[in-house]
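This report is meant for a reader meeting the structure for the first time, and it moves from single loops to sheets, helices and the contact between chains. Please keep the structure in view while reading.

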Amino acid sequence: MIHQQQSKPSSVDWLILIIYYLFVVVGLLCIYASVYKETNPLIYDNTMNYGKQLMWIGISSFIGLLILLLDDKFFYAFAYPIYGLTILLLLAVFVFGTEINGSSSWIRVGGFQIQPAEFVKFSTALALAKFLSGYNINFKQFNVKAIVAAMILLPMLIILLQNETGSALVFVAFSLVLYREGLPGWILLLGVSLIFLSVIALLVQPLYIVISLVVIGIILLALVQRTKLMILLTVSIIALSSLYVSSIDYVFQKVLQPHQKSRINVLLGKEMDLKGAGYNVQQSKIAIGSGGVLGKGFLQGTQNKFRFVPEQSTDFIFCTIGEEYGFIGSTVFVILYLLLMWRILFLAERQRNKFNRIYGYSVVSVLFFHFMVNVGMTLGLMPVIGIPLPFFSYGGSALLSFTLLLFIFIRLDANRVNELRGGE
Amino acid sequence: MDNSYKSKILFAVFLIIGITYLSRLFYLQIWDESYIRYAQNNVLQEQTIYPARGLIYDRNGELLVYNDAIYDLSVIPEQVKDLDTVAFCEVLAISKEDFLARFQKIKKQKGYVPYRPSVFEKQLTIPTYARFQEMLFDFKGFYVEVRTDRKYKHSNAAHIMGYIGEVSEKMIEKSNGYYRMGDFIGISGVERSYENDLGGVKGIRYLLVDSKSRAQGRYKNGEFDTAAIAGKNIKLSIDYKLQELGEQLIQNKIGSIVAIEPATGEILALISSPSYDPNLLIGRDRGKNFAALSNDLTKPLFNRPLAAPYPPGSIFKVIMSLVGQQEKVLFPSTSYGCYGGFNAGGLHVGCHAHNSPLALRGGIAISCNAYFCNVYRSLVNNQHYKKTELAYKEFYRHVTSFGLGHKLGVDLFGEGGGFVPTAEYYDKIYGRYRWQALTTISLGIGQGELGITPLQMANATAVVANRGYFMTPHIVKKINNRDNSKAEFKTKHWCSVDTSYFQIVIDGMEDVVNHGTAYIARIPGIAICGKTGTAQNPHGKDHSVFFAFAPKDNPKIAIAVVIENAGFGATWAAPIASLMIEEYLTRKHDTRIELVERLVKADLIHKIKNDSSTTIKTKQR
């Protein structure tokens, strides 16, 4: 099935590679802008964020090159050991963990700190791809589902125990992979609907929701053919949704403690917490909103420069793009991200073997989840969940892990091209 | 099973999210412009530049008020690190408990932010400030902020200059936000009435600040900054030497002295006693001292010359003489007999022993009560008018044309109007048509309901000195070296008595000093025209009153002196006025050293205080 051929540089996907370097370089400029001071315009300083990031870009590029030079069978063969190793690293945090910035998910190795949670993403993707691409594996079987669930939930649970809710939530992204591999769409739809209804239930009075649901139902029934089944289905969905919304509201009003209510209200933006999450989002919106059409220009973003935006070089790095490059820059950014995701999706679908395809879907799912949550958070559309923006955010572990994630796919994809050539 | 169609669904989801975010970006960055303003509010800090307040000089260029730097100690709590509390407390001379209590107080303040400065100690003394400067490096997080406060070069003229204080909330509202909490503003005196000139215009400097309010540079290189405009310097019409002498002479007595240059209406001296040192109302003890002055029973904060109405007593006879002539009921030759006073219809107004009968000039010089009771009767019961009421109204018109019974419009805060009873006033008391001259006879000798402020007395003297007009009295001569341009101060206000009637009265007033009741005020070589008054009042001993102008021809000074509860006008008021005139005209006040000493040493306040039958309250209406 797999041909014994080495990839050549010409067969790697240049589009992905170009976008990757574009992102990494712009990210570096944004990190530089966020620590820049007019009084002290340093070019290179490896004690500063941007200096370290530059170093990590170098390390990542080197490791990326190594990956491209490796035999593609390596990843298939070592998928489980890599997965096991990263899980062990993750567990090691409980023993050797160091606390950095209030987070205890770090391990200090020599002069570096690494965050194992970042690396479990690509290893889980590898393991998942290997397991699901195995012979006689049918996703419909219950034990297959159970093993897949365990593979995803194990790292998620350990990370949750380390209080890294954001990183743990990323593993939800693998449900998109499972959807492609046979998980029925209605399960995802149900999940999304439940989250949507829960949020709506807390924002709007249940009565209004029930009324709008009924109105939507009536419009729907007016548009489609009214079979008995259709009517029954619509009525029962409306009834169940109404019941769910009411119970959510009841739990919120009667069961939760005031401080828990407050925390949820802040998350939903109903309450303004000017010292915590609410402040961050407000400042983030101000920074992005003040960018205007063209932006304030490189190093001219006052909100970032003068530290109004929190975590400006890590989780809120998109603020710098928004403020300094404006609507034009932000649009280019979103389009490039969509282009990258489309390219990976397109290539994944074209893979001849299941392992490559599943791995490709894992890559795009993880990237999409990060993009959606991170950018959505800075725009005030998503709750404040601290996860980095891939390739942009400051942080060695994150950059390296996303590089591994992406470059393994580039390597696998390069082989597909060879396969095609070999087949001719 | 081919699931490849699902890639399209997934990409559709990606697209939906992408388009949603682009819409949101459009809304934030292009549609809603408020974020640009929020961003500016974040980084722009308006820094107020306070202008120097205008200086105040006397008419001869003597500096009276200037500005003095004061040092407030501020703390940025977040920046306080490794503080040597013991050393710190020692420099400030406070206890450790006090230190902790202050920090607690700062933290409880409304709008407390740990990274913004809060005032820890207001107005450090200079020695403390000096020690602090040396050690500031050791006290991280503490800063000294420099502001300016007033400083008064002399301890005199407190009532003229007034004082400044922190602006009230009402004032802030009224100023449309120009004033801010903690700004200094004139509260009384010239400081108040010329606030717009003295205060200058505040400047604004826009600074870029970071999220912790630390300055990061100028906004657009200062393009939008405005410079502060310094307050204008003011030259008062006050003659400081004269003011100082007056305050010395009147010390330990309750009363007022007002001196005016008749030709211009410029106030040469304005003295209210008891007074206070204006330097009490600046600096860190301002509040404490203000409370003490407010509670003082002798009311040192009360501006008597402007606001306290007194019955003028016999000095009113001068005005009676003029009005009588104008109404043609009195002629220089008119003579009345006096037999121990005025007797009519069972009414008796006493008079002292003197030759009788007297003509007008003699009546003024001797200050005969009977004479002026007769003048008053002939005025009010004037057959020329059909009714007493109409005759009285005419009398009222004449009297008030001398600037009595209403505010003159002096450029100082707190002026009172005094009181001249109207016909309606008497109608109310006695009923319509039920009163006539004899009912209100005491008015004729300056008693009764009449209330005249010392400023009005001096102004009336100026009318006589000018032979018929006055200029509105004012205290500011020049603003930034340009004449006080208010039209009001440049207009002659003619009284209703013709100039021709003045000469005989002025001759009578000269006699008063040369060989009449105020002989004590005589100065060889200077023709002084004056009139004494001994004003009865219901609150105790008579007020000693004197008004005069000099020289007789081309007068340079018109002066009124009132000493409360002191007795005869000739005893206290006349010699004080005489010394003041001498000082102003000859720059000497040492020719009668014994007289000066007697006046300076006289302590009438404590004498009054020991006399339980009298109160020191000023009569006010």
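In this predicted model, P551(B) is found in the loop between β20 and β21 of chain B. The peptide bond that leads into this proline, from A550(B) to P551(B), is cis, with omega near -15°. A second cis peptide bond joins S273(B) and P274(B), where omega is about 0°, and P274(B) lies in the loop between β12 and α11 (286-295) of chain B. Another backbone feature of chain B concerns N252(B), a residue other than glycine whose phi nevertheless has a positive value, near 65°; N252(B) sits in the loop between α10 (240-250) and β11 of chain B.

**The five-stranded sheet of chain B**

Several of the strands just named belong to an open sheet of 5 strands in chain B, which has the order β12-β11-β21-β20-β19 and antiparallel pairing. At its edges stand β12 (266-273) and β19 (529-537) of chain B, each with a single partner strand, so one side of each is left without a neighbour in the sheet. From one strand to the next, the twist of this sheet averages 10°. Helix α18 (residues 454-465) of chain B packs on the sheet, where it touches β11 (255-261), β20 and β21 (557-563) of chain B, and the direction of α18 makes about 145° with that of β21(B).

**The three-stranded sheet and a hairpin**

Chain B also holds an open sheet of 3 strands, in the order β1-β8-β9 and again with antiparallel pairing. Its edge strands are β1 (44-49) and β9 of chain B, each of which pairs on one side only. Neighbouring strands of this sheet are turned against each other by 45° on average, direction ignored.

Apart from the sheets described so far, what do β13(B) and β14(B) form? They form a hairpin with 2 residues between the strands, and G345(B) in the turn has a positive phi of about 50°.

The table sets out three strand pairs of chain B, with the number of bridges and one pair of residues that stand opposite each other.

| Strand pair | Sense | Bridges | Opposite residues |
|---|---|---|---|
| β19(B) and β20(B) (residues 540-550) | antiparallel | 8 bridges | C529(B) and F549(B) |
| β13(B) (residues 341-344) and β14(B) (residues 347-350) | antiparallel | 4 bridges | A344(B) and L347(B) |
| β8(B) and β9(B) | antiparallel | 3 bridges | V209(B) and A215(B) |

As general background to these pairings, strands of a sheet pair through backbone hydrogen bonds, either parallel or antiparallel.

**A helix pair in chain A**

In chain A, helix α1 (residues 14-35) and helix α2 (residues 49-69) pack at an angle of about 165°, with their axes 8 Å apart. Since angles over 145 degrees count as roughly antiparallel, that value makes α1(A) roughly antiparallel to α2(A). The crossing of the two helices, α1(A) and α2(A), is right-handed. On the side of α1(A) the contact is made by V24(A), L28(A), I31(A), Y32(A) and V35(A), while α2(A) contributes N49(A), Y50(A), Q53(A), L54(A) and I57(A). Divided by kind, the residues of this contact between α1(A) and α2(A) comprise 8 nonpolar, 2 polar and no charged.

**Where the chains meet**

The contact between the chains takes 31 residues from chain B and 36 residues from chain A. On the side of chain B that touches chain A, at least two residues each are supplied by α1 (5-31), α2 (34-43), β8 (203-209) and β9 (215-218) of chain B. The largest share of that side, 16 residues, comes from α1(B). The residues of the side of chain B that touches chain A divide into 18 nonpolar, 9 polar and 4 charged.

**Confidence in the prediction**

The model scores ipTM 0.89 and pTM 0.65. The mean pLDDT of chain B is 86, and 96% of its residues reach 70 or more, but over residues 610-621 of chain B the pLDDT is below 50, in a stretch that has 24 contacts in the model beyond near neighbours in sequence. Chain A averages a pLDDT of 85, with 87% of the residues scoring at least 70; over residues 1-5 of chain A the pLDDT is below 50, and this stretch has 7 contacts beyond near neighbours in sequence. Where pLDDT is low, the predicted coordinates should not be read in detail.

How values were computed. Residues are numbered from 1 along each chain as its sequence is written. Chains are lettered from A and ligands numbered from 1 in the order in which they are written. This is a predicted model: local features need pLDDT of at least 70, side-chain atom pairs count only at pLDDT 80 or more; totals for chains, interfaces and linings use all residues. pLDDT is the predictor's confidence in each residue, from 0 to 100. Two residues are in contact if their C-beta atoms, placed from the backbone, lie within 7 Å. Axes are lines fitted to C-alpha atoms, for helices over the stretch in contact, and angles run from 0 to 180 degrees between N-to-C directions. Angles under 35 degrees count as roughly parallel, over 145 as roughly antiparallel, 65 to 115 as roughly perpendicular and the rest as oblique. A crossing is left-handed if the near helix is turned anticlockwise from the far one by less than a right angle, and right-handed if clockwise. Ala, Val, Leu, Ile, Met, Phe, Trp, Tyr, Cys and Pro count as nonpolar, Asp, Glu, Lys and Arg as charged, and the others, Gly among them, as polar. Two strands pair if DSSP finds at least two bridges between them.
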